[in-house]
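The exercises below are meant to be worked through with the structure open beside the text. Try each task before reading the solution that follows.

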Amino acid sequence: MKKIQQKTFGTHNNKSVELITLTNKNGMEVSVTNFGGIITSIKVPVGGKMIETVLGFDTFEEYVSEAYRKGYPYLGTIIGRNAGRIKYGKTKINGEAVQLTTNHGENQLHGGFVGFDSVVWNVVKAEENPNPSVTLEYFSKDGEEGYPGNLTATVSYTLLDDNSIQIQYGGKTDKPTILNLTQHTYFNLNHGNESDVLNHTLTIHSDKYVPLVPEFFTPTGEILPVTGTPLDYQNGQLIYEHTDNSFVNETNGDKCIGSVTNAEKTITVEVRTNHAVLHIYAGYYLPELEVKNRKKLGKNTGFCFEAQGFADALNHPNFKSTQLNPDETYNYWTNFKFIF
């Protein structure tokens, strides 16, 4: 059995866009494109059928279509340089004021107008052994979307035989900058294509969350207990439709920080990470869009496990910093383990 298959997916800005499919010994399949580092598909075998577990498209043209970009929800992308919102696009690095681009009202969202989600990454390595893996690299120039420093970012996807996807992030810069990467896949574990994810049971092993300023969706700077709020997922509950919050990760990556199980109780996804927080977005603002031969796109039809650093971290001294310095290497990882 061939563990890696690679084919041309399209062309963007005169660069070749590839689609790489990883397959393990159990028949699980993960497809990744070097456009935006997107996970386009994760299929698992259940009851003799291959069940698609994420939102996405089967063609490159759909990912760049005007209809999709109008209500752009970052399906399956790598987010960078910074995950989440930075209020007014203003921050400070080593005490020096930095003005970033503002692509979401008055704020910057997910790295700016053309973030890491919308560029062609280089495929620097694709190998079958010991496990099928692909490594992507992107060079972000000094000043891109307002960020200082020439930055080289890498992300690798490895499909293991325990049915987990290991995502490894790396980065180096020549000036102090911000680097806070995440993976923005929307999961939908339903067997059919028409159901939303409010029938999924979500568990989060964290008793603290980060509240947001309602009109901006930026952090208030507080870290509050989840007890008594709709965000108390400690003992497992159905997904709350308005969930769009970060939960503090105190596991250091050695334990599961979150898990979700479908209504059929046939597929569970567990998350482990060394990132500071696990952000959950329940897809409340997902745009309504017809999708051929895939799960429908609309309100609450997918949810995100965004393992990342604190959003707007440098504006809140009590948050763990997301600053990357020239003498440092960005080194974070996330593991999505599928149980079926």
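**Exercise 1. What is the strand order of the open sheet of six strands, and is its pairing parallel or antiparallel?**

Solution. Keep in mind throughout that this is a predicted model. Strands of a sheet pair through backbone hydrogen bonds, either parallel or antiparallel.

Step 1. Going across the sheet, the order is β17-β28-β27-β24-β19-β22, and the pairing is antiparallel.

Step 2. The two edges are β17, residues 186-187, and β22, residues 224-225, each of which pairs on one side only.

Step 3. Within the sheet, β19 (residues 208-210) is joined to β24 (residues 244-248) by two bridges in the antiparallel sense, and Val210 has Ser246 in β24 as its bridge partner.

Step 4. Strand β24 is also joined to β27, by five bridges and again antiparallel, with Asn245 standing opposite Ile280 in β27.

Step 5. From β27 the pairing continues to β28 (residues 303-308), antiparallel over five bridges, and here Leu278 has Ala307 in β28 as its bridge partner.

**Exercise 2. How many residues of strand β27 are buried, and which of them lie on one side and which on the other?**

Solution. Step 1. Strand β27 covers residues 277-281, and five of its five residues are buried.

Step 2. Separating the two faces, Val277, His279 and Tyr281 lie on one side, while Leu278 and Ile280 lie on the other, so that both faces are covered.

**Exercise 3. Find the largest nonpolar core: how many residues does it have, and which strand gives the most to it?**

Solution. Step 1. The largest nonpolar core has 56 residues, and those with the most contacts inside it are Ile42, Trp121, Tyr157, Ile165, Phe187, Phe305 and Phe338.

Step 2. The strand that gives the most to this core is β13, residues 151-159, with five residues.

Step 3. To see the surroundings of one core residue, take Phe187 and leave aside its neighbours within four places in sequence; its contacts then include Ile42, Val54, Val197, Phe303, Phe305, Phe336 and Phe338.

Step 4. There is also a second, separate core of 23 residues, which includes Phe35, Tyr72, Tyr281 and Leu297.

**Exercise 4. How many aromatic pairs does the structure hold, and is the pair of Phe116 and Trp121 edge-to-face or stacked?**

Solution. Step 1. The count of aromatic pairs is 23.

Step 2. For Phe116 and Trp121 the ring centres are 5.9 Å apart with 85 degrees between the planes, and the pair is edge-to-face; both residues are buried.

Step 3. For comparison, Tyr330 and Tyr332 form a tilted pair, at 4.9 Å centre to centre and 55 degrees between the planes, and these two residues are buried as well.

Step 4. One aromatic cluster is formed by Phe9, Phe35, Phe57, Phe60, Tyr63, Tyr68, Tyr72 and Tyr74. The ring of Tyr72 also has the charged end of Arg69 over it, 4.1 Å from the ring centre, and Lys87 lies over the face of Phe216, at 4.7 Å from the ring centre.

**Exercise 5. How many disulfides does the structure hold, and which cysteine sulfur is nearest to that of Cys256?**

Solution. Step 1. The structure holds zero disulfides.

Step 2. The nearest cysteine sulfur to Cys256 is that of Cys304, 17 Å away; a disulfide needs the sulfur atoms within 2.5 Å, so this pair does not qualify.

Step 3. Both cysteines are nevertheless buried, Cys256 with a relative accessible area of 15% and Cys304 at 0% relative accessibility.

**Exercise 6. Which peptide bond at Gly80 is cis, and where does Gly80 lie?**

Solution. Step 1. The bond from Gly80 to Arg81 is cis, with omega near 0 degrees.

Step 2. Gly80 lies in the loop between β6 (78-79) and β7 (85-86), and Arg81 lies in the loop between these strands too.

Step 3. Gly80 is buried, with a relative accessible area of 0%, and, not counting residues up to four places away in sequence, Gly80 touches His110, Gly111, Gly115, Phe116 and Leu181.

Step 4. Another cis peptide bond runs from Asn129 to Pro130, and Pro130 lies in the loop between β11 (122-127) and β12 (133-140).

Conventions. Residues are numbered from 1 along each chain as its sequence is written. This is a predicted model: local features need pLDDT of at least 70, side-chain atom pairs count only at pLDDT 80 or more; totals for chains, interfaces and linings use all residues. Side-chain values use heavy atoms; hydrogens and water are left out. Buried means under 20% relative accessible area, exposed over 50%, partly exposed in between (1.4 Å probe, protein chains only). Two strands pair if DSSP finds at least two bridges between them. Helices (H or I, at least four residues) and strands (E, at least two) are DSSP runs, numbered from the N terminus. Rings of Phe, Tyr and Trp (its six-membered ring) pair if their centres lie within 6.5 Å; planes under 30 degrees apart count as stacked, over 60 as edge-to-face and the rest as tilted. A charge sits over a ring if NZ of Lys or CZ of Arg is within 6 Å of the ring centre and within 35 degrees of the ring normal. A nonpolar core is a set of buried Ala, Val, Leu, Ile, Met, Phe, Trp, Tyr and Cys residues joined through side-chain atoms within 4.5 Å. Contact means heavy atoms within 4.5 Å.
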